[in-house]
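These are my notebook entries on a single protein chain. I looked up its fold elements, its salt bridges, a surface patch and a pocket.

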Amino acid sequence: MKIQERTGAGAGRSAAPAGPSVGERLPAPPRERKPALAALAVLLILVGALGATMLVLQAGDRIEVVKITKEIPAGQAVNDSNATSVMVAEDPGINYVQWSQFDALKKLKAVTTIPGGVVAVGEMFGTEAKVPEGKALVGLSLKEGQYPAGLKSGVTVAAYRVGGTSRSGSGDDADGGAAGSAGGDSVIVEKAVVNYVKDNKGDDDLVSSTNLPVTLLVDDAQAAALTQAATNGEVALVLVPGN
């Protein structure tokens, strides 16, 4: 009878452990604050916004200017074949030649040789070319055979006197004249720079003439002899090493 009473008394008890009441919650771990990361995120957002703003402003301040596409020798002008338009960021410190001024620019000349691939600025042009001190520009009109094929501005050439060895018409002087023509005295200019050579591709003004206009930059002391020989049509150009 005692055993049954103990069993009955235990039957009313729950075998599961007592849990927390329904209204109670477990304590949450404290959040770790990282102010440095938050500040970095804000800084990146500001930098991105500033960069986008600068791009928009620069795009709005771009202007159309003149760009030189082919080398322009000193004393020559721009034209439709050696210049084009390009957009650049406006800069008050640079004297750009704007594309709207292109027609007026054609009336001016390059004061010095302008290489291709540069943006034109006002200081590159004037009413006449600036010849370096101690130098002179001499113009030639050469027939085919008096200049090498593919002659271009900027190359160095030697100018020889040709075709003037028999002026006296005397047979006694013929050998001496020929010897003088083949010797060192036949060289008028050992080194001259081609400042300008006419590009006759597509030019109608050279249809009736086979002569090639060429301008050489030489020393002052050599200008007179070269001019005299050029007037008589007695100049031939030869490319020298170093080009």
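The entries below follow the order in which I looked things up.

**Entry 1. Overall layout**

I note at the outset that this is a predicted model. I counted five helices and nine strands in the protein chain. Reading from the N terminus, I recorded the order of elements as α-α-β-β-α-β-β-β-β-α-β-β-α-β. I then looked up burial and found that 23% of the 243 residues are buried.

**Entry 2. Salt bridges around lysine 106**

I searched the whole structure for salt bridges and obtained four. I began with the pair formed by aspartate 80 and lysine 106, whose closest N and O atoms are 3.4 Å apart. Aspartate 80 sits in the loop between β1 (62-68) and β2 (83-89), and lysine 106 in the loop between α3 (102-105) and β3 (109-110), so this salt bridge ties together parts 26 residues apart in sequence.

I checked the accessibility of both partners. Aspartate 80 has a relative accessibility of 60% and therefore counts as exposed. Lysine 106, with a relative accessible area of 32%, is partly exposed.

I also found lysine 106 in a salt bridge with aspartate 103, where the closest N and O atoms are 3.9 Å apart. The cut-off for this contact is 4 Å, so the pair at 3.9 Å is still counted. Aspartate 103 is exposed as well, at 57% relative accessibility.

**Entry 3. Glutamate 234 and arginine 161**

I turned to another salt bridge, in which the side chains of glutamate 234 and arginine 161 meet at 3.5 Å, N to O. This pair links distant parts of the chain: glutamate 234 belongs to the loop between α5 (220-231) and β9 (235-239), arginine 161 belongs to strand β6, and the two are 73 residues apart. Is glutamate 234 buried or exposed? I found a relative accessibility of 7%, so glutamate 234 counts as buried. Arginine 161 is partly exposed, its relative accessible area being 28%.

I then asked which residues are joined into one network by salt bridges that share partners. They are Asp80, Asp103 and Lys106.

**Entry 4. A contact between distant residues**

I looked up glutamine 146, which is placed in the loop between β5 (135-142) and β6 (156-161). Its relative accessibility is 13%, under the 20% limit, so glutamine 146 counts as buried. I noted that glutamine 146 and alanine 236 are 90 residues apart in sequence, yet their C-alpha atoms are 4.3 Å apart in space.

**Entry 5. Nonpolar surface patch**

I recorded a nonpolar surface patch of about 490 Å², made by Leu37, Leu40, Leu43, Leu44 and Val47. I took leucine 44 as the member to examine and located this residue in helix α2 (residues 35-60). Leucine 44 has a relative accessible area of 55%, over the 50% limit, and is therefore exposed.

**Entry 6. Second largest pocket**

I closed with the second largest pocket, which holds about 170 Å³ of space. I found 17 lining residues, of which Ala74, Thr113, Pro132, Asn195 and Leu217 are the closest to the pocket centre. Which strand gives the most to the lining of the second largest pocket? I found that strand β7 (residues 187-197) does, with three residues. By residue class, I recorded the lining as 10 nonpolar, five polar and two charged.

Terms used: Residues numbered from 1 in each chain as written. Predicted model: local features only at pLDDT ≥ 70, side-chain atom pairs only at ≥ 80, totals over all residues. Heavy atoms only, no water. Patch = residues over 30% accessible without salt bridge, like charges linked within 9 Å, V, L, I, M, F, W, Y side chains within 5 Å. Areas by Shrake-Rupley, 256 points an atom, 1.4 Å probe, with all protein chains shown as cover. Helix = DSSP H or I, 4+ residues; strand = E, 2+ residues; numbered from the N terminus. Buried < 20%, exposed > 50% of the residue type's maximum accessible area, 1.4 Å probe, protein only. 1 Å grid on protein atoms, 1.4 Å probe; cavity = no way out; pocket = protein on both sides within 12 Å on 5 of 7 lines; lining within 4 Å. Points joined across faces, edges and corners; volume = space filled by probe spheres on them. Nonpolar A, V, L, I, M, F, W, Y, C, P; charged D, E, K, R; others polar.
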